[in-house]
Amino acid sequence: MTPDIKVQRSKAARTTGPIMPITHIDVHPLKEFAKQQTVIDVVSDGKVGLDAPAKPQTYRDKVSWFAIFYRYIPDAVSLSGLKYACNPTEVRWRRTIWLLVVLTCCGVSTQQIINRILYYMSRPVSVDVVYKYQDSVPFPSVAICNINAFRSSQLNDTDMRKFLTTWQTMDESVNVTAFKSVLSSYNMTDMYYTLAHQLNDSVRHIKWNQRYYDTSVMTVRMTDWGVCFVFNDIDNGQEGLVVSSPGRLYGFEIVLSAEQEDYFFQPQTRYGAGFQVLLYDRGTEPQVEGQGFSIGTGVQTTVGVDVVEVRNLEEPVGECRNKTLNYYDTYSYPSCALECLSDVYIRQCGCKTKAMKGNQSMDCDCPMPCFVRKYEASVSFSTYPSDFWTDIAAEEFDSTPSDIRSNFCALNIFMRDLSVQKISQQADYTSCALLSDIGGSLGLWLGGSILTVVELFDLFGYSIYVHSYRLPSRYT
């Protein structure tokens with residue numbers, strides 16, 4: 001480096017006379033170029049975005065995005081301890097201790113947060129059970145089916161009688177080929193209606209809410225059991241019945257005749273005499289075979305009813321979904337299952353059972369319904385009629401005492417009280433609870449909050465922005 005030489009001359013020499021010899025020389029080194037300013041200094045001094053002086057071509061800085069990110073951590077993120085762990089002015093051992101503490105707390109907090117997120121994703125639910133008393137409660141539909149499906153007097157000496165006899169007395173499977181011409185000449189649904197016990201012969205007495213009615217208040221419909229008589233059916237054109245007072249006086253009373261003298265072989269192993277009874281929600285498909293109970297002849301059956309309403313949660317928390325059905329206005333699992341079974345029968349053999357509806361294929365996915373109303377029955381029995389009432393009943397029903405004891409039975413159905421048991425699913429762990437737990441974990445272990453997480457994302461984005469767009473070219 002060439003020295004900067006300044007020559008000082010005496011005062012006299014500067015003013016008059018010839019040039020005098022040099023008396024004093026001060027030698028000063030040239031001023032060095034300022035030390036290259038680093039990106040940390042630029043960021044710290046707030047000079048980001050200013051035009052930097054040209055840099056010698058022989059030198060180029062290597063500045064990473066991480067350097068910018070690291071510089072901003074103490075000021076941008078409000079986590080306890082980071083100001084010590086990421087402060088370059090602190091001594092190394094102190095920074096190391098704080099870094100270990102922060103990393104440990106981050107690990108514990110992360111583990112707890114992951115645990116809460118996994119629990120939230122499992123969609124836990126809780127169930128609330130409430131008994132609510134009301135001014136009135138809905139009365140169930142009542143399906144009553146004779147245990148005997150075919151009347152012997154209607155078969156006489158027909159080929160169908162031979163087929164049914166063979167079907168029930170053979171130990172092994174029946175050779176259907178021998179009866180092909182017989183079976184192909186029958187419409188099975190019409191046959192069931194024709195051979196079944198008739199409504200006006202079976203129902204001898206109806207009373208509802210202290211008033212007498214004739215059989216016009218009941219309908220005849222095909223079920224999985226066979227032909228049944230239904231009270232409070234949606235198909236009779238009447239609005240659903242409700243009960244405003246509990247007890248037997250305000251319920252449903254019916255006297256039935258089983259007509260045992262007309263019994264015949266059954267398509268299933270039904271060896272008793274009497275009726276199969278089912279209480280179900282109006283508008284849904286009755287499942288008499290699997291859910292009904294039996295009442296016998298010579299017995300008065302008393303049924304106290306409690307109403308249970310179940311409300312399930314929809315997806316994604318719950319699993320319920322009300323699907324649109326092809327042949328039923330109201331969705332229920334039994335109705336959907338029956339349509340699906342119809343599809344299987346139609347696809348495999350081109351036929352269907354007596355209770356099936358429709359002739360189309362459909363999706364066999366039957367989800368849980370979102371609302372279910374059930375009627376829980378408490379059943380008790382007594383002899384019907386008593387010895388005192390036997391002769392009176394025989395006269396009233398134009399029968400004999402022996403016929404009364406052999407064929408007649410009484411059924412009383414009433415509401416035990418006007419309460420409804422409401423069972424409701426609720427989300428056991430909500431989004432708000434998840435955020436509260438995450439914030440609690442961050443606050444407990446790191447002195448942070450949900451905003452701290454936002455700050456971290458903001459720091460990532462801002463450091464990339466500074467590195468890519470705002471940092472002068474001299475520092476990139």
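These are my notebook entries on a predicted model of one protein chain.

**Ground rules**

I number residues from 1 along each chain as its sequence is written, and my side-chain values use heavy atoms, with hydrogens and water left out. Since the model is predicted, I take local features at pLDDT of at least 70 and side-chain atom pairs only at pLDDT 80 or more, while totals for chains, interfaces and linings use all residues.

**Entry: the whole chain**

I began with the secondary structure and found 16 helices and 16 strands. Helices here are DSSP runs of H or I with at least four residues, strands are runs of E with at least two, and both are numbered from the N terminus. Next I looked up burial, and 38% of the 476 residues in the chain are buried. In these notes buried means under 20% relative accessible area, exposed over 50%, and partly exposed in between (1.4 Å probe, protein chains only).

I then turned to the accessible surface, which comes to about 27900 Å². Carbon and sulfur atoms hold 54% of that surface. The areas come from the Shrake-Rupley method with a 1.4 Å probe, and for residues only the protein chains shown count as cover. For contacts (heavy atoms within 4.5 Å), I kept those with a separation of 6 or more, and 74% of them are between residues 24 or more positions apart.

**Entry: the nonpolar cores**

A nonpolar core is a set of buried Ala, Val, Leu, Ile, Met, Phe, Trp, Tyr and Cys residues joined through side-chain atoms within 4.5 Å. Which members of the largest core touch the most other members? I found Phe139, Met218 and Phe252, in a core of 34 residues. The elements giving two or more residues to this core include β5 (141–146), β9 (227–231), β12 (274–280) and β16 (408–427). β16 gives the largest share, 6 residues. I also noted a second, separate core of 20 residues, with Tyr429, Leu434, Ile438 and Leu446 among them.

I went back to phenylalanine 139 and listed its contacts, leaving aside neighbours within four places in sequence. Among them are Trp208, Phe231, Leu241, Phe252, Tyr375 and Met415.

**Entry: strand β5**

I picked β5 for a closer look, and 6 of its 6 residues are buried. In a regular strand the side chains alternate between the two faces of the sheet. On one side of β5 I found Ser141, Ala143 and Cys145, and on the other Val142, Ile144 and Asn146, all buried.

Strands pair if DSSP finds at least two bridges between them. β5 pairs with β12 in the antiparallel sense over 6 bridges, and alanine 143 stands opposite leucine 278 there. β5 also runs antiparallel to β9, joined by 3 bridges, with isoleucine 144 partnered by phenylalanine 229.

**Entry: the disulfides**

A disulfide is a covalent bond between the sulfur atoms of two cysteines. How many does the chain have? Counting pairs of cysteine sulfur atoms within 2.5 Å, I got 3 disulfides.

- Cysteine 145 is joined to cysteine 228, S to S 1.9 Å. This link is right-handed, with 105° about the S-S bond. Cysteine 145 sits in strand β5 and cysteine 228 in strand β9, 83 residues apart. Both cysteine 145 and cysteine 228 are buried.
- Cysteine 320 is joined to cysteine 370, S to S 2.2 Å. The torsion about their S-S bond is about 90°, so I noted this disulfide as right-handed. Cysteine 320 is in the loop between β14 and α12 (333–349), and cysteine 370 is in the loop between α12 and β15 (371–383), 50 residues apart. Cysteine 320 counts as buried because its relative accessibility is 2%, and cysteine 370 is buried at 11%.
- Cysteine 336 is joined to cysteine 366, S to S 2.1 Å. This disulfide is left-handed because the torsion about the S-S bond is about -90°. Cysteine 336 lies in helix α12 and cysteine 366 in the loop between α12 and β15, so the pair ties together parts that are 30 residues apart in sequence. Cysteine 336 and cysteine 366 are both buried.

**Entry: other cysteines**

Why does cysteine 105 have no bond to cysteine 106? The cysteine 106 sulfur is the closest cysteine sulfur to that of cysteine 105, but at 7.3 Å it is too far for a bond. Cysteine 105 is buried, with a relative accessible area of 17%. Finally I checked cysteine 432, which counts as exposed because its relative accessibility is 57%.
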